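Colleague: Please take me through one part of this model closely. Start with one pairing, and then work outwards to what surrounds it.

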Amino acid sequence: MSKLHLVFGGRVTDPRTLDWADPSKLDVVGIFPDYASAEKAWRANAQRTVDDAEMKFVVVHLHRLLEPDLVTTPEA
(Lines give C-alpha, C1' and ligand atoms only; values in the text may rest on other atoms or scores of the structure.)
Protein backbone atom coordinates (compact mmCIF):
# COMPACT_ATOMS: atom_id res chain seq x y z
CA MET A 1 0.00 0.00 0.00
CA SER A 2 1.18 3.52 -0.74
CA LYS A 3 1.96 5.69 2.26
CA LEU A 4 -0.28 8.60 1.34
CA HIS A 5 -0.06 11.93 3.14
CA LEU A 6 -2.56 14.81 3.17
CA VAL A 7 -1.41 18.41 3.63
CA PHE A 8 -3.95 21.03 4.61
CA GLY A 9 -4.27 24.09 6.77
CA GLY A 10 -6.19 27.15 7.74
CA ARG A 11 -6.91 29.63 10.47
CA VAL A 12 -6.99 28.31 14.06
CA THR A 13 -8.61 29.93 17.08
CA ASP A 14 -5.52 29.26 19.20
CA PRO A 15 -2.06 28.61 17.68
CA ARG A 16 -1.38 25.95 20.34
CA THR A 17 -4.27 23.78 19.12
CA LEU A 18 -5.84 22.34 15.99
CA ASP A 19 -9.15 24.07 16.67
CA TRP A 20 -9.97 25.34 13.18
CA ALA A 21 -11.76 28.71 13.15
CA ASP A 22 -13.83 27.83 10.07
CA PRO A 23 -13.40 24.26 8.77
CA SER A 24 -15.29 25.16 5.60
CA LYS A 25 -12.40 27.45 4.64
CA LEU A 26 -9.56 24.92 5.07
CA ASP A 27 -6.95 25.02 2.33
CA VAL A 28 -6.36 21.48 1.04
CA VAL A 29 -2.87 21.59 -0.44
CA GLY A 30 -2.98 18.02 -1.72
CA ILE A 31 -2.38 14.32 -1.25
CA PHE A 32 1.20 13.14 -1.66
CA PRO A 33 2.70 9.69 -2.28
CA ASP A 34 5.41 9.97 0.39
CA TYR A 35 6.34 11.95 3.47
CA ALA A 36 9.20 13.82 1.78
CA SER A 37 6.96 15.41 -0.85
CA ALA A 38 4.26 16.13 1.75
CA GLU A 39 6.81 17.81 3.99
CA LYS A 40 8.04 19.94 1.09
CA ALA A 41 4.47 21.12 0.40
CA TRP A 42 3.82 21.70 4.11
CA ARG A 43 7.02 23.70 4.49
CA ALA A 44 6.22 25.90 1.47
CA ASN A 45 2.77 26.74 2.81
CA ALA A 46 3.95 27.22 6.39
CA GLN A 47 6.68 29.60 5.21
CA ARG A 48 4.20 31.51 3.06
CA THR A 49 2.09 32.23 6.16
CA VAL A 50 4.90 32.49 8.73
CA ASP A 51 3.90 36.02 9.80
CA ASP A 52 0.33 34.97 10.64
CA ALA A 53 0.34 33.11 13.97
CA GLU A 54 -3.26 31.99 13.48
CA MET A 55 -2.49 30.09 10.26
CA LYS A 56 -1.43 26.48 10.60
CA PHE A 57 -0.65 23.73 8.10
CA VAL A 58 -0.38 20.05 8.97
CA VAL A 59 0.62 16.71 7.44
CA VAL A 60 -1.80 13.83 8.03
CA HIS A 61 -0.57 10.27 7.55
CA LEU A 62 -3.52 8.89 5.56
CA HIS A 63 -2.04 5.40 5.45
CA ARG A 64 -2.24 5.26 9.26
CA LEU A 65 -5.92 6.19 9.15
CA LEU A 66 -6.74 3.74 6.38
CA GLU A 67 -5.00 0.77 8.00
CA PRO A 68 -4.36 1.60 11.69
CA ASP A 69 -3.45 -1.98 12.61
CA LEU A 70 -0.39 -2.05 10.36
CA VAL A 71 2.93 -1.42 12.05
CA THR A 72 4.67 1.54 10.42
CA THR A 73 8.29 2.59 10.52
CA PRO A 74 9.21 5.81 12.41
CA GLU A 75 10.11 7.67 9.20
CA ALA A 76 6.67 6.99 7.71
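**The sheet and its helix**

Modeller: Seven bridges join β1 to β3, and these two strands run antiparallel. Keep in mind that this is a predicted model. In this pairing, Val-7 stands opposite Val-59 in β3.

Now turn to the other partner of β1. β1 and β2 also pair in the antiparallel sense, here over five bridges. Two facing pairs help you find your place. Leu-6 stands opposite Ile-31 in β2. Gly-9 stands opposite Asp-27 in β2.

Put the two pairings together. The three strands form an open sheet in the order β2-β1-β3. The edge strands are β2 and β3, since each pairs on one side only. From one strand to the next, the twist averages 15°. As a rule, strands of a sheet pair through backbone hydrogen bonds, either parallel or antiparallel.

How many residues of β1 are buried? Six of its seven residues are, so β1 is mostly covered.

His-5 is a good one to zoom in on. His-5 sits in strand β1. Its relative accessible area is 1%, and buried means under 20%, so His-5 counts as buried. Its side chain has polar company. A polar atom of the His-5 side chain lies 2.7 Å from the backbone oxygen of Lys-3. The side chain of His-5 also makes a polar contact with the side chain of His-61, at 3.2 Å.

His-5 leads us to another neighbour, Leu-62. Leu-62 lies in helix α2, residues 62-66. Is Leu-62 buried or exposed? Its relative accessibility is 18%, and the cut-off for buried is under 20%, so Leu-62 counts as buried. Leaving aside residues up to four places away in sequence, Leu-62 touches Leu-4, His-5, Leu-6 and Ile-31. Take Ile-31 from that group. Leu-62 and Ile-31 are 31 residues apart in sequence. In space, their C-alpha atoms are 8.8 Å apart.

Next comes the helix on the sheet. α1 lies across β1, β2 and β3, and runs at about 175° to β3. Helix α1 has 14 residues, 35-48. At 1.5 Å a residue, these should span 20 Å. The end C-alpha atoms of α1 are 20 Å apart, which agrees.

Which residues of α1 are buried? They are Ala-38, Ala-41 and Asn-45. Look down the axis of α1: its buried residues fall within an arc of 65°, so they line one face of the helix. What covers these buried residues includes β1 (5-11), β2 (27-32) and β3 (55-61). Now turn the helix around. The face of α1 turned away from its buried side carries the exposed residues Ala-36, Lys-40 and Gln-47.

One last detail sits at the start of α1. There, a side-chain oxygen of Asp-34 reaches to within 3.3 Å of the backbone nitrogen of Ala-36.

Here is the picture to keep. β1 pairs with β2 over five bridges and with β3 over seven. α1 lies across these three strands. The residues Ala-38, Ala-41 and Asn-45 of α1 are buried, whereas Ala-36, Lys-40 and Gln-47 are exposed.

Definitions and conventions
Residues are numbered from 1 along each chain as its sequence is written. This is a predicted model: local features need pLDDT of at least 70, side-chain atom pairs count only at pLDDT 80 or more; totals for chains, interfaces and linings use all residues. Side-chain values use heavy atoms; hydrogens and water are left out. Helices (H or I, at least four residues) and strands (E, at least two) are DSSP runs, numbered from the N terminus. The expected span of a helix is 1.5 Å times one less than its number of residues. Buried means under 20% relative accessible area, exposed over 50%, partly exposed in between (1.4 Å probe, protein chains only). The arc is that of the directions from the helix axis to the C-beta atoms. Contact means heavy atoms within 4.5 Å. A polar contact is a pair of N or O atoms within 3.5 Å; within protein, one must be able to donate a hydrogen and the other to accept it, and residues adjacent in sequence count only if both atoms are side-chain atoms. Two strands pair if DSSP finds at least two bridges between them. Axes are lines fitted to C-alpha atoms, for helices over the stretch in contact, and angles run from 0 to 180 degrees between N-to-C directions.
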